[in-house]
Amino acid sequence: MSLLRAIRRIINGHEAEKGEAPFIVSLKTNSHFCGGSIIAENWVLTAAHCLIFDEFEIVAGLHSRNDESDVQIRKVTSRKQQIVHEKYGGGVGPNDIGLIYVEKAFNINALTRDGTAAVAKIDLPSGKYESTGKGKLYGWGTDNSGYLPDILNTLDVNIIGYEECKNALPSDAPIAEVNICSYTADTTDGACSGDSGGPLVRVTPGGTELVGLVSWGYVPCDIAEFPSVYTWTGAYDQWLEENMNNYVPQ
């Protein structure tokens with residue numbers, strides 16, 4: 001049986017177009033370690049298991065990891081800027097969701113020199129549309145070569161709900177109704193898709209919505225033919241609203 005772990009890679013993906021995902025951010029210390037998404041001018045949403053450092057940087061507007069000419073960098077200097085879901089038990093499991101507050105708001109109206117949107121926020125699920133169906137992943141996680149790619153990668157995926165995902169996973173998989181998955185049978189596509197904390201999105205008639213956060217999967221990523229598991233953001237609308245509205249900057 002393959003082992004399960006928090007996941008940090010896109011398998012069988014390809015390079016994204018510049019400006020295609022202006023909401024994605026890179027969390028980094030000396031180097032990139034997780035992804036996240038801007039959901040408001042002062043807020044980034046990511047996986048709880050990514051919030052392991054007291055201090056780190058958030059890089060927005062990044063496309064190539066080796067070119068920070070058009071980026072916005074925000075520093076996280078305290079645990080007080082980080083909110084981990086109170087029911088997250090650590091490691092692999094449900095409620096893998098966390099918020100990061102940035103003191104200096106992102107400039108979400110900024111454009112790059114070539115006119116593309118450098119930084120933007122992404123909407124959370126409105127409830128008007130399904131969170132399952134065709135979707136896209138984004139991230140700088142390790143690719144098929146075993147190395148971190150320079151350019152942001154993306155992958156088209158099929159998003160499935162809790163019941164279908166549960167049936168496709170081993171019986172002891174730590175999955176709950178607050179999870180969704182990506183899965184294409186008999187392939188490794190999406191089996192270890194995207195950076196931890198990074199965005200799983202759906203394009204709806206109302207715009208692009210952030211439906212999932214990369215949480216965990218089975219390894220080896222390029223061999224295991226199991227679904228990748230995500231935190232379903234639609235299950236946390238009340239939690240997000242309460243924590244963002246009640247937060248008092250320290």
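Ile 58, in strand 6, stands opposite Arg 74 in strand 7. Strands here, like helices, are DSSP runs numbered from the N terminus, with at least two residues (E) for a strand and at least four (H or I) for a helix. Strand 7 covers residues 72-76, and five bridges join it to strand 6 in an antiparallel arrangement. Two strands count as paired if DSSP finds at least two bridges between them.

Before I go on: this is a predicted model, where local features need pLDDT of at least 70, side-chain atom pairs count only at pLDDT 80 or more, and totals for chains, interfaces and linings use all residues. Residues are numbered from 1 along each chain as its sequence is written, and side-chain values use heavy atoms, with hydrogens and water left out.

Back to strand 6, residues 56-60. Because four of its five residues are buried, strand 6 is largely enclosed by the rest of the structure. Buried means under 20% relative accessible area, exposed means over 50%, and partly exposed is in between, using a 1.4 Å probe and protein chains only.

Strand 6 also pairs with strand 3, residues 24-28, again antiparallel, through four bridges. Leu 27 of strand 3 stands opposite Ile 58, and Ser 26 has Val 59 as its bridge partner.

Which way do the residues of strand 3 point? Ile 24, Ser 26 and Lys 28 point one way, Val 25 and Leu 27 the other, and all are buried.

Strand 3 has a further antiparallel pairing, of five bridges, with strand 4, residues 32-40. Val 25 stands opposite Gly 36 there. The two strands form a hairpin, with three residues between them.

Now the whole protein. It has two helices and 15 strands. Of its 250 residues, 53% are buried. Among contacts with a separation of 6 or more, 71% are between residues 24 or more positions apart; a contact means heavy atoms within 4.5 Å.

Last, the interior. How many cavities of 30 Å³ or more does a search of the whole structure find? The search finds one. A cavity is a set of points on a 1 Å grid over the protein atoms alone where a 1.4 Å probe fits but cannot get out, and lining residues have an atom within 4 Å of a point. The largest cavity has a volume of about 110 Å³, a volume being the space filled by probe spheres set on the points. Of the 15 residues that line the largest cavity, Gly 19, Gly 61, Leu 62, His 63 and Ala 118 are the closest to its centre.

Notes:
1 Å grid on protein atoms, 1.4 Å probe; cavity = no way out; pocket = protein on both sides within 12 Å on 5 of 7 lines; lining within 4 Å.
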